[in-house]
Amino acid sequence: MEENRARKLLVNTGKKLLETGLVARTWGNISCRLDEENIAITPSGLDYKKTSEDDIVKLNIFTGDWQGRRKPSGEKKIHIAVYKAFPDVNFVIHTHQTYASAIGLVGIENLDITEDEREKLGGITRANYGLPGTKMLSNAVSEGLKMEAKVILMEKHGALVCGSSQEETIEKAMLLEEICKRNIKFSFEEKREKDITKTDELLKTVRDKFKYIDLVQTAAVLECASKGLPIYAQLDDMAQMIGRKIPVIVNDINHVVKALERKNAVLVSSVGALVRAETEDDMIALRLLVDKAAVSNLHTAASNVKTRIGIVDASLMKLVYKMKYSKQKDR
Ligand SMILES: [Zn+2]
């Protein structure tokens with residue numbers, strides 16, 4: 001594809017994916033093939049709303065050399081692996097989409113999927129865990145690519161979707177989410193009771209104390225909150241932005257305020273989750289993360305799969321994330 005067209009297409013895809021909720025914030029990345037040697041790829045750590053055509057990076061998949069005013073995505077290695085493995089792939093989307101990420105924690109052996117869906121996806125497989133941006137992760141993805149599958153669920157991380165065009169790849173990512181949602185072992189219709197008076201009271205107080213605070217009351221979050229189940233980080237992005245655990249706090253205003261001074265997400269019984277952020281965008285990202293983490297915790301528990309991010313990895317990721325993100329904000 002011609003370079004300028006590719007730049008426009010990637011910017012436009014980022015915005016589309018934001019709208020569908022398949023990506024949030026700077027998570028996920030997109031690329032497309034320019035010619036036999038080069039691809040165009042989204043830059044590292046930049047919000048899709050702020051990404052312009054000039055921010056897109058041109059990258060040689062054989063030498064790793066790149067041209068652009070920004071660094072290419074930190075996950076470029078997994079994109080490169082795809083283009084090398086599949087000559088017929090022209091477009092790659094990597095997301096941290098909710099249901100596919102949750103399914104990736106348990107596996108796809110018992111996935112309820114029709115032959116027609118499998119064919120539309122171009123095959124589906126799962127890749128073992130590797131810390132973001134590492135050789136271990138790209139090696140795991142390369143192993144997955146040997147299965148000839150065009151959709152790869154990356155354990156504890158997200159999804160990699162490969163297609164021949166932008167349209168086809170977005171469609172695949174959306175179909176994947178639909179398939180995965182119906183495979184989650186939790187009934188989304190079953191709504192837990194909410195204490196409206198208590199919630200209002202609590203919200204009023206915390207909104208006075210913190211500038212960016214929001215309430216999350218999705219079915220999965222309410223379920224965890226009412227059962228008094230803390231949510232543990234099973235996915236890298238929660239470990240990065242929230243930490244190892246979202247605690248359950250007793251429904252008492254002072255306790256909740258104190259907890260929110262230390263943590264950016266807490267669960268409160270019959271209220272749901274409260275998230276505290278530094279910016280509006282952070283708040284939206286936290287809302288998505290808390291819901292995704294609740295879905296993942298419930299799905300793994302119902303599947304009898306024990307998986308958590310270890311203390312060391314979680315602390316490390318949070319630290320790296322903090323450093324990266326504060327640097328970016330200073331720009
Ligand atoms: Zn990722």
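Let's start with strand S1 in this predicted model. Both of its faces are covered: Asn-29, Ser-31 and Arg-33 are buried on one side, and Ile-30 and Cys-32 are buried on the other. In other words, 5 of the 5 residues of S1, which spans residues 29-33, are buried, so the strand is largely enclosed by the rest of the structure. Here a residue counts as buried if 20 or more other C-beta atoms lie within 10 Å of its own.

Which strands pair with S1? The partners include S5 and S2, and the table sets out the two pairings.

| Partner of S1 | Residues of partner | Bridges | Direction | Residues standing opposite |
|---|---|---|---|---|
| S5 | 91-95 | 4 bridges | antiparallel | Cys-32 and Phe-91 |
| S2 | 38-41 | 3 bridges | antiparallel | Arg-33 and Ile-39 |

S1 and S2 also form a hairpin, with 4 residues between the two strands.

Now let's turn to the largest nonpolar core, which has 93 residues. Val-141, Leu-267, Ala-273 and Val-290 are the residues that touch the most other members. Helix H11, made of residues 280-302, supplies the largest share of this core, with 8 residues. The core also draws at least three residues from each of two domains: domain 1 (3-182) and domain 2 (196-330).

What does Ala-273 touch, if we leave out residues up to four places away in sequence? Its contacts are Val-216, Val-221, Ala-225, Ile-246, Ala-265, Val-266, Leu-267 and Val-290. Two of these names, Leu-267 and Val-290, may look familiar, as they appear beside Ala-273 among the core residues that touch the most other members.

Definitions and conventions: Residues numbered from 1 in each chain as written. Predicted model: local features only at pLDDT ≥ 70, side-chain atom pairs only at ≥ 80, totals over all residues. Buried ≥ 20, exposed ≤ 12 C-beta atoms within 10 Å, placed from the backbone. Pairing = 2+ DSSP bridges. Core = buried A, V, L, I, M, F, W, Y, C linked by C-beta atoms within 7 Å. Domains from an automatic or database assignment. Contact = placed C-beta atoms within 7 Å.
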